[in-house]
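User: I am new to this structure and would like a close look at one part of it, followed outward into its surroundings. Could you take me through that part slowly and in connected prose?

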Amino acid sequence: MRASGDVGEDKSYNAGEVFEIMEPPPAHHQGFGTAKGTGEGKPRADVHRDGDWHHSVHVWLHDPRTDSVLIQRRSKYKDTNPDMFDVSAAGHIAMGDIPLETAVREMEEELGISTQEKNFNKLFTAVSEAKGETEKHGKYVCREFQEVYLVDIAQVENSSASPVEIKVADGEVEEAKWIPKEDLISALATNDPTYVPRSSAYVRGLADALEVEISKKARTAAYGRIDADMDDVRS
């Protein structure tokens with residue numbers, strides 16, 4: 001499932017889109033937390049420039065019939081982590097919006113899949129810090145509370161009484177594909193350079209939800225990687 005390539009920009013990007021600034025997590029958060037808004041709004045570009053804490057949603061699609069998970073390759077025009085494999089669908093929560101409603105909308109916008117809120121299973125809220133630089137948007141520091149959901153695609157099809165047809169959003173998603181859940185967890189746990197990095201806590205939480213055992217070697221690699229990454233972001 002690939003985009004046509006006709007759109008030469010990320011249509012979802014709006015530098016002036018307003019995010020609500022979140023209170024920073026406690027120092028002992030261990031990778032999980034609770035998003036608490038400050039009531040202060042700030043444009044997206046400024047939030048990523050200044051490293052303010054903000055709010056997002058992640059939606060993982062799982063097919064229990066094949067034990068596979070849908071991943072997407074992000075558009076090369078994205079302002080963070082362009083052209084890397086990532087969660088099935090994701091997006092920022094704009095000022096005044098609700099996480100679950102945002103998750104439903106992002107899955108429809110990015111993958112063309114429309115379904116009811118009851119099909120979204122909330123897993124956890126991850127605390128994430130990352131920094132980088134893109135050719136188009138320059139340097140960024142992304143600090144997020146990520147509301148992570150799991151969606152059973154078979155359940156979606158049963159509720160709609162028809163097969164799901166995935167249609168990726170051109171300019172926002174390069175491609176989407178199903179891979180074995182074990183391959184996904186292995187890639188995230190070992191810091192595959194083609195994937196958006198995730199913390200060891202995030203990977204453990206997702207692996208538990210998918211009932212995938214992480215090897216001792218992969219766990220050790222993940223712990224060392226994330227500790228180094230967090231020190232780099234804070235420096």
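Analyst:

**Helix α3 and its surroundings**

E157 is buried, because its relative accessible area is 16%, which falls under the 20% limit. The model in which this is seen is a predicted one, and the position of E157 within it is in helix α3. The side chain of E157 reaches the backbone nitrogen of V164, at 2.9 Å. V164 is also among the residues that E157 contacts once neighbours within four places in sequence are set aside, the others being R65, S162 and P163.

E157 shares its burial with other residues of helix α3, which spans residues 153-160: the buried residues there are I153, A154, V156 and E157. They lie on the same side of α3, because the arc they cover around the axis is only 160 degrees. This fits a general rule: an α-helix has 3.6 residues a turn, so residues three or four places apart point the same way. As for what lies over these buried residues of α3, the cover includes strand β3 (53-63), strand β8 and strand β9 (173-180).

The two ends of the helix deserve a look of their own. At the start of α3, a side-chain oxygen of D152 comes to within 2.9 Å of the backbone nitrogen of A154, while just after α3 the residue A161 adopts a positive phi of about 60 degrees.

Strand β8, part of the cover of α3, covers residues 138-152 and pairs with strand β7, residues 120-134, in the antiparallel sense over 14 bridges. A hairpin of 3 residues makes the connection from β7 to β8, and E133 stands opposite K139 of β8.

From strands β7 and β8 the path leads on to the largest nonpolar core, since each of them supplies at least two of its residues, as do β4 (68-74), α4 (181-189) and α5 (200-210). This core has 24 residues, and those with the most contacts inside it are W60, L184, I185, Y195, L206 and L210. L210, taken without its neighbours within four places in sequence, is in contact with H62, V69, L150, K181, L184 and I185. Apart from this core lies another, of 20 residues, including V57, V59, V104 and V173.

Helix α4 brings several of these names together, as its buried residues are K181, L184, I185, A187, L188 and A189. Just after α4, N191 takes a positive phi of about 60 degrees. The neighbouring part of this account is helix α5, where V203 lies. V203 counts as buried because its relative accessibility is 2%, against a limit of 20%. Its contacts, not counting residues up to four places away in sequence, are with I185, L188, A189, R198 and I214. With I185 there is also a backbone distance to note, for the C-alpha atoms of V203 and I185 are separated by 6.8 Å although the two residues are 18 residues apart along the chain.

To set this part within the whole, the chain has 6 helices and 9 strands, and 51% of its 235 residues count as buried. Among contacts between residues at least 6 apart in sequence, 72% join residues at least 24 apart. The accessible surface of the chain comes to about 11300 Å², and 46% of that surface belongs to carbon and sulfur atoms.

How values were computed. Residues are numbered from 1 along each chain as its sequence is written. This is a predicted model: local features need pLDDT of at least 70, side-chain atom pairs count only at pLDDT 80 or more; totals for chains, interfaces and linings use all residues. Side-chain values use heavy atoms; hydrogens and water are left out. Two strands pair if DSSP finds at least two bridges between them. Helices (H or I, at least four residues) and strands (E, at least two) are DSSP runs, numbered from the N terminus. Buried means under 20% relative accessible area, exposed over 50%, partly exposed in between (1.4 Å probe, protein chains only). The arc is that of the directions from the helix axis to the C-beta atoms. Contact means heavy atoms within 4.5 Å. A polar contact is a pair of N or O atoms within 3.5 Å; within protein, one must be able to donate a hydrogen and the other to accept it, and residues adjacent in sequence count only if both atoms are side-chain atoms. A nonpolar core is a set of buried Ala, Val, Leu, Ile, Met, Phe, Trp, Tyr and Cys residues joined through side-chain atoms within 4.5 Å. Accessible areas come from the Shrake-Rupley method with a 1.4 Å probe; for residues, only the protein chains shown count as cover.
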